[in-house]
Amino acid sequence: MPSVYDDIVERLEQAESLAVATVIQTRGSTPQKVGAKLLVHPDGRTQGTIGGGCVEAEVWKEATAALRTGASRVVEVDLNDDVMGDVCGGTLSVFIDVWQPQAAASRSENGA
Amino acid sequence: MLDLARQAAAALERREPAVIATVVHARGQGRAVPVGAKLMVGADGRACGSLGVQTLDRAAGAQAAEVLAGGEPHLAQYELSGDPAPRRSRDYVQVLYEPLLPPDRLLVIGAGHIAVPLHEIGRILDFEVIVVDDRADFATPARFPQADDVLCIPFSDVPARIAIDRTTYLVLVTRAHEHDEEVLRRVADSPAPYIGMIGSKRRVITVYRRLLGEGVSQEQLKRVFAPVGLAINARTPQEIAVAVMAEIVSVKRHGQGNHSALREMPRSLQAVAAGSAESLPDS
């Protein structure tokens, strides 16, 4: 059964970057599960889910931005701001990890 | 990074557990290590990659066994020395530990009409799905497009050809109870968390009687879910597949499902067991 790491290997071997967003912490009432992952490719395609539309669009936006800068970082998502606020609540921390084919030294070449 | 991803993919492929530790955030002096740095630690303690400093690698190596045992992701904060960072510290490295666990496996023995929806639902529920039958025209990838593997082997080869471990959920749905019996005899003492066997109460009792006569213990047979599935009055193959997979979820998540399985051995069977075993555990 292919895992997320098979996808990462495949992309890196094609000399492409990809962003892996992982839920690392939740506070309050959230449907998201710690450890859930969403893969975001430079062309905007995604694989996997971190638990639904409430949060995924925002994480996707952050992930595509991170792919442009090449910098991995934690983003905080406040579900109470969402238009679906009565469905979701609480906040979560998502680590957006940019995997690059070469070490960070070549980061600048990966810009948009 | 590529090397670590390859190692992680290979470990999962071999169904070997491991832990990946990743620096997800660094503050103050902690910024000496790069965010995104990773260390993978195998179940045997072997490591690949680095969190950036030896002190952190050592701390992560020590934490890995605990994360594997717990089976859940875990966040921890360290000082650069590798010691836990105090709560309100301004200098720390935050490390995410993620256990890499092989996916639970659904082993469907028998490739008949129930196996097809069973393998589809199994896939939806993120099981690695393997289907086995001894008939070449049934055990085909075309019939089971969602399966990770379809094996055409004699039923007697099941435990020898497929390792049955703590993550293997086994469903016996062969075309004849002789075959179910054949497999059950060989897997009754396996560590599988779930063994389900299709069949009416009468068919189940026939199988149990023969196995008890051969010396299989009542305790081993009590683990078997037969008749299979939650009691939802399922009729069609698809409904039966839903009942079976719901039962598997209930077992896996320690739920309160209402099972169809025999809970007590009928008296007639206890007598058979008494002939080959020394005790009747619950009567």
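Begin by selecting A:R73 and, in strand 5 of chain A, A:I96, which in this predicted model is the bridge partner of A:R73. Widening the selection to the two strands shows that strand 4 (73–78) and strand 5 of chain A pair in the antiparallel sense over 6 bridges.

Next, colour the whole sheet to which these strands belong: an open sheet of 5 strands in chain A, with antiparallel pairing and the order 3-2-1-5-4. Strand 3 (46–48) and strand 4 of chain A stand at the edges, and each has a single partner strand, so one side of each is left without a neighbour in the sheet. If you look from strand to strand, neighbours in this sheet are turned against each other by 25° on average, direction ignored.

Now add helix 2 of chain A, residues 53–69, which packs on the sheet and touches strand 1, strand 2 (37–40), strand 3, strand 4 and strand 5 of chain A. The direction of helix 2 makes about 30° with that of strand 5 of chain A.

From here, select A:A19 and display its surroundings: leaving aside residues up to four places away in sequence, A:A19 touches A:V40, A:A63, A:A66, A:L67, A:I96, A:D97 and A:V98. A:A19 also belongs to the largest nonpolar core, which has 63 residues, and it is listed with A:A21, A:V94 and B:A8 as having the most contacts inside that core. The largest share of this core, 7 residues, comes from strand 1 of chain B, residues 18–27. For a second, separate core, select B:A111, B:V116, B:V173 and B:L221, which are among its 52 residues.

Then turn to the boundary between the chains, where 20 residues of chain A are in contact with 20 residues of chain B. On the side of chain A that touches chain B, the elements giving two or more residues are helix 1 (4–13), strand 1 (18–27), strand 4 and strand 5 of chain A, and helix 1 gives the most, with 5 residues. By character, the residues on this side of chain A divide into 12 nonpolar, 5 polar and 3 charged.

Isolate helix 1 of chain A together with helix 1 of chain B, residues 2–13, and you will find that their axes come within 8 Å and cross at roughly 145°, in a crossing that is left-handed. To see the contact itself, show A:Y5, A:D6, A:I8, A:V9 and A:L12 on one helix, and B:L2, B:A5, B:R6, B:A8, B:A9 and B:L12 on the other; these residues divide into 9 nonpolar, no polar and 2 charged.

The last stop is B:L96, found in strand 5 of chain B, residues 92–100. Is B:L96 buried or exposed? B:L96 is buried, because 24 other C-beta atoms lie within 10 Å, and strand 5 of chain B is itself mostly covered, with 8 of its 9 residues buried. Not counting residues up to four places away in sequence, B:L96 touches A:I24 and A:F95 from chain A, as well as B:T22, B:V24, B:P73 and B:L75 from chain B. Although B:L96 and B:H74 are 22 residues apart in sequence, they are 5.9 Å apart in space, C-alpha to C-alpha.

To finish, select B:Y97, which is the bridge partner of B:A21 and also of B:H74. Strand 1 and strand 5 of chain B run antiparallel and are joined by 9 bridges, while strand 4 of chain B, residues 74–78, pairs with strand 5 in the antiparallel sense over 5 bridges.

Terms used
Residues numbered from 1 in each chain as written. Chains lettered and ligands numbered in written order. Predicted model: local features only at pLDDT ≥ 70, side-chain atom pairs only at ≥ 80, totals over all residues. Contact = placed C-beta atoms within 7 Å. Helix = DSSP H or I, 4+ residues; strand = E, 2+ residues; numbered from the N terminus. Nonpolar A, V, L, I, M, F, W, Y, C, P; charged D, E, K, R; others polar. Axes fitted to C-alpha atoms, helices over the stretch in contact; angles between N-to-C directions. Left-handed = near helix turned anticlockwise from the far one by under 90°. Pairing = 2+ DSSP bridges. Core = buried A, V, L, I, M, F, W, Y, C linked by C-beta atoms within 7 Å. Buried ≥ 20, exposed ≤ 12 C-beta atoms within 10 Å, placed from the backbone.
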